[in-house]
Structure formats: C-alpha cells, structure tokens
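Me: I'd like to go through the cavities and the ligand in this model with you. Could you explain the reasoning behind each label as we go?

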Amino acid sequence: MENTNREGFGSSFAFIMAAVGSAVGLGNIWGFPYKMGSNGGFAFLLIYLILAAFVGLAVMIGEHVIGRKTGMSPIAAYRKISKKFTWLGYMAVIAPFVILCFYMVLGGMVMRYACSYLTAMIGWNTWGVETATDFYGAFRINGVQMVLWTVIFIAINTAIVCGGVGGGIEKFCNVGMPCLFVILIIVIVYVAVQPGAVGGYQFMFGLNIDPLKEDFLKVLKTAAGQMFFSLSLGMGAMITYGSYMSKKEHLQRNAVIVVVMDTLAAIMAGMIVMPACYAFLEGNTRGGPGLLFDSMQAVFYNMGGFIGDLMGFLFYFLVFIAAISSSMSLLEAITATKIDSDIAKGKAPKRRITALVFSIIILIFCLPTALDGIGMGTANGAALPTPAELFGLDWAEAEGIKGFDKDTTYYTLGEDGAYTAVEKGTAFDESTTYYLNTTKTWNDCWLDFYDVISEGIIMPVGAMIMAFAIGWIWKIDMVKEEIEASGTKMWGKTFFNICYKVITPLGMIVVLYGQLSEFFGI
Ligand code: PHE
C-alpha cells in the first residue's frame, strides 16, 4: 500500500548519503579508535570486519526491508507487519530518544572545540584557559557552557528535521558526507607524513592476533557492541530511513554500501587517531573515552602553531558533521513516528511543531548529562551529582576491615585521585584506607546511565528479536520479496537465511552479554 502523504529521498545518492550519515558518527570517530586502541589493534579490526559481514549486514537489510515494505516509521511498521510485535516498534522509538539524551550533549561539546580552533587560527584565543590542553577539565564542569552548546546543537538538529526529509536531511547529507570524507583524507595525509606516525599503522594493520589468544571474549564483545552502535542498528533510524527509500531502489546493494562506507569511515578515523597518538603522544593509544576531548586536544597542541589549529579545526568539524548527521536520524525516527500516527488518525501532520516539542523534551533530559561534569560530580565542582553520588553507589571505604578477604579486590586512592588495585598477596596495612569499587559504568555519569538503557539493553534486545522474527516467523521470503520489488534479484538467500535464523541472534546474545558485563560487571 503506497502512502501518498509521506515524503521520500529524491535519489539513490541521497538515500545512501543520509544512511551513511546516520551510521558514521561519534561511534566511528571516537568509539572505534579508542576501543581498537585498548583491544589490541589489528585483532579487534579483524573481529569487527567478520561481525559486520555476518551480523551487521543482515540486520541492516532487515531494517531497510521493514521500513520500505511498510513505508512507515518503527511503531507503525511493526504493527503493520504483525500486531504482536508492535512493542518492538516502541523499543525502537524509546531507544533513539534515550541515546539523544547524551548524544546531543557530546555534539555540542564537539562544536565548541571546532569553534575555538577556528578562532585560534586567526589568533583569537577563545579557550578561556591558558593552554588548550587544560580546556577539557574546565569545560566539562562549566554547566552554563555545557548547556549552552547543547542547546545550539539541538537547535541545528531541530532546524534540519523541520526542513523535512527532502528539504533538510537530504540537503545536509548530500553536501556534508562528501565533505566529511574529503576532510578525513586531508587529515589522514597530514598525519601520515609526521615522524613516528608509522607506529600507528603497525598497531592497526600489523598482523598480530595475540590479543585474541589472551582474551578472545573481551575483544569479541567489544567489537560486537561497537559494530552494532556504529551501524545505527536496533534504533529505528534505519527503519525510518528505509521507509523513505523508493521502491525502485536496489535495497540490498544500498545496505552493502552503507555497511562498507561506515566501516571505511571507522578505519579512516583510526588512521588519523592512531598514527597521531604515535607521532604526538609517544604511542599512547589508550586514552579511553577521553581520547576525543583530551588526547586529541593534546595531539593538536603538540602539533603546534597555525597548522595545529587548522588540523584541530578540520578534525572537530569533521566530528561535528558526523555527529549531527547521526543525531538528526534519531530525531527523525521519533518525529516520523508522531507524523505517521497523525496521518493514521486522519489528522494533518505537523512536522515542525512535532520536531520542536520533541527537541525541547530531549533538551530537558540532556540537562543531567550536561551538568554532572561528565562524571566529575559535585565532589569535583560540577553542578549536578552523578548517579553514583545520588544513589550512594560510589567507591566505598572499606571501613572496619581487619584484613583482606581473598576473593575481594581492594583499591588504594592515589594523590592524583586515581584508584589502584592492591596486588594479591600484599600485606594488610592498618594505616592505609582501602576502597571497594562498587561503581559500575552505568552509574559513574548520566551519560553512561542513558547509554546503558539504550545501547546496553534496548538496542541489542530489539535487534535480536527482529532477526529471530525474520528468520523463524516472517521468513526470509519477506526479505526476498521486498528486495526483488525493485526488479533486482536477491543474492545470498541461503547465507542470509542462516544469518537471520542462527548467526545474527547468537551474535546479538554476545552483544547483550558484552553490554551487561561492561555496564554491570556481570
Ligand atoms: N551510528 C552512530 C554513531 O556511530 C550512532 C547512532 C546509533 C545513530 C543509532 C543512529 C542510530 O555514532
């Protein structure tokens, strides 16, 4: 049934750019390099590629099929396929909402960096601190600034989504995505000619699979979670974009292109960050989550001078494009849901007002993320307490302990504020205060709190059930029919059938296990 009230992408190029825009985001430029950095470089890359081919591609095709077949956003789409699965649609709308409660804050922060590098190029220091490397520490606890930049970033998203699929999203991504790849290449080339950069390539591409022998499960679960988030799966975004894809489009080919381009962008981002860490930070690739805001800042500071500011600007501008083209796909998924529900009720859809109202609600939920100093908490000068501070689940002083229990890990607190695990076998010292780590990643900052709900639970559960339902209930023929609706033959039917029935649900269990163990220490 054609839905005449709905818009769609104007061309194949526009669809691909928008879908790649959704996929290429902070996950690629931030998450991928730092996770690769702390999970053994090449070994991680290898597992990532295998997962993208065997799990990611099938889910991507599945979401595009569900979207295009029904021509609807997630809730209406699932309802149309089977009433019993409407709840999956609700999950696919709640998840993007929750993701946006931190993604918008991060996007705003990235903009702030890009702007200060831009002014620095004309000799105007807008960092507000003496050396740019001190900036992150001051910025994250500056509530006014954090909220201000979040508001700006949300406002741009709102404006684009108000412009509609053709007038807003398509226009932005048609220009933004090619621009993003060009900047990636420029920065890659600049970093490549720096002395020492080669260490980064060895780290990424040197055929070393030892980390897999050490802790295969850790690499597997980290790569699986990363792949999933990076491809924008399980979030309603790809279903919604799929619903705007014309029936003439080669659905399967498009899905392959999106997966390949997303993976390419992640590898390219790695080819900036890893060699830069080798050239400018003495090979310290383990910046962890601080990599984007801290380590990279140090990289551009060490590059120095005008070129450092220029490269800094290009890099953060690139991250900005990546972030906003992802966040707009999430806001669109939510907005389209209300629009479709209005159309179904026979009401005239109000895109602008819908996008605006959702943006305001998202802003309110972004406030905790923006105000807890990204985990600094009131103890370190932020305006709001972290969930850990609030619920009293922070590091606990192991009071009244007379000696070590052999199954418990104890920590000491260093002068730098960092906790160090006490080595097993160390003698108990009465004059030392020992701490027990009760902090898990879900509660150390509001960002992680939102992340665990969305990326940690809803996304993997939703996609697992979707793949399972395609494989066992709706059957592969649904996928085949939709792909072949454009007159193109589906290839690899048996392969995808096995993916939906077995490999993908199993892969999703690994993702879920990985998320739960990471966030809750299970
Ligand atoms: N894929 C995006 C990234 O890599 C994030 C995202 C997830 C966007 C889910 C839309 C849906 O940052």
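Reply: Happily! This is a predicted model, and we can begin with the second largest cavity, which has a volume of about 90 Å³. Of its 13 lining residues, Tyr78, Ala92, Gly234, Gly462 and Ala463 are the closest to its centre.

Me: What makes α5 and α17 (446–474) stand out in the lining of the second largest cavity?

Reply: Each of these two elements gives two or more residues to that lining. The largest share, four residues, comes from α17.

Me: How is the lining of the second largest cavity divided by class?

Reply: It has nine nonpolar, three polar and one charged residues. Gly counts as polar here, so Gly234 and Gly462 belong to the polar class.

Me: How many cavities of 30 Å³ or more does a search of the whole structure find?

Reply: Two. The largest cavity holds about 130 Å³ of space. Its lining is made of 16 residues, and Ser22, Phe229, Ser232, Ser326 and Leu330 lie nearest its centre. Two or more lining residues come from each of α1, α2, α5 (86–121), α10 and α14.

Me: Why is the ligand said to sit in the largest cavity?

Reply: The label requires more than half of a molecule's atoms to lie within 2 Å of the cavity's grid points. The ligand is assigned to the largest cavity, so it meets that condition.

Me: What makes the approach of the ligand to Gly27 a polar contact?

Reply: An oxygen atom of the ligand is 2.8 Å from a polar backbone atom of Gly27. The cut-off for a pair of N or O atoms is 3.5 Å, so this pair qualifies. Two side chains can be judged by that cut-off too. A ligand oxygen lies 3.2 Å from an N or O atom in the side chain of Asn28, and a ligand nitrogen is 3.0 Å from an N or O atom in the side chain of Ser232. Both pairs therefore count as polar contacts.

Me: How much of the ligand's own accessible area does the protein cover?

Reply: The protein covers 100% of the 320 Å² that the ligand has on its own.

Me: Which residues and helices surround the ligand?

Reply: There are 14 residues around the ligand, and Ala23, Leu26, Gly27, Tyr103 and Phe229 come nearest. At least two shell residues come from each of α1 (12–23), α2 (26–38), α10 (210–230) and α14 (305–344). By class, the shell has six nonpolar, eight polar and no charged residues, while the lining of the largest cavity has eight nonpolar, eight polar and no charged.

Terms used:
Residues are numbered from 1 along each chain as its sequence is written. This is a predicted model: local features need pLDDT of at least 70, side-chain atom pairs count only at pLDDT 80 or more; totals for chains, interfaces and linings use all residues. Side-chain values use heavy atoms; hydrogens and water are left out. A residue is near a molecule or strand if one of its heavy atoms lies within 4 Å of it. A polar contact is a pair of N or O atoms within 3.5 Å; within protein, one must be able to donate a hydrogen and the other to accept it, and residues adjacent in sequence count only if both atoms are side-chain atoms. Accessible areas come from the Shrake-Rupley method with a 1.4 Å probe; for residues, only the protein chains shown count as cover. On a 1 Å grid over the protein atoms alone, a cavity is a set of points where a 1.4 Å probe fits but cannot get out, and a pocket is an open set with protein on both sides within 12 Å along at least five of seven lines; lining residues have an atom within 4 Å of a point. Grid points are joined across faces, edges and corners, and a volume is the space filled by probe spheres set on the points.
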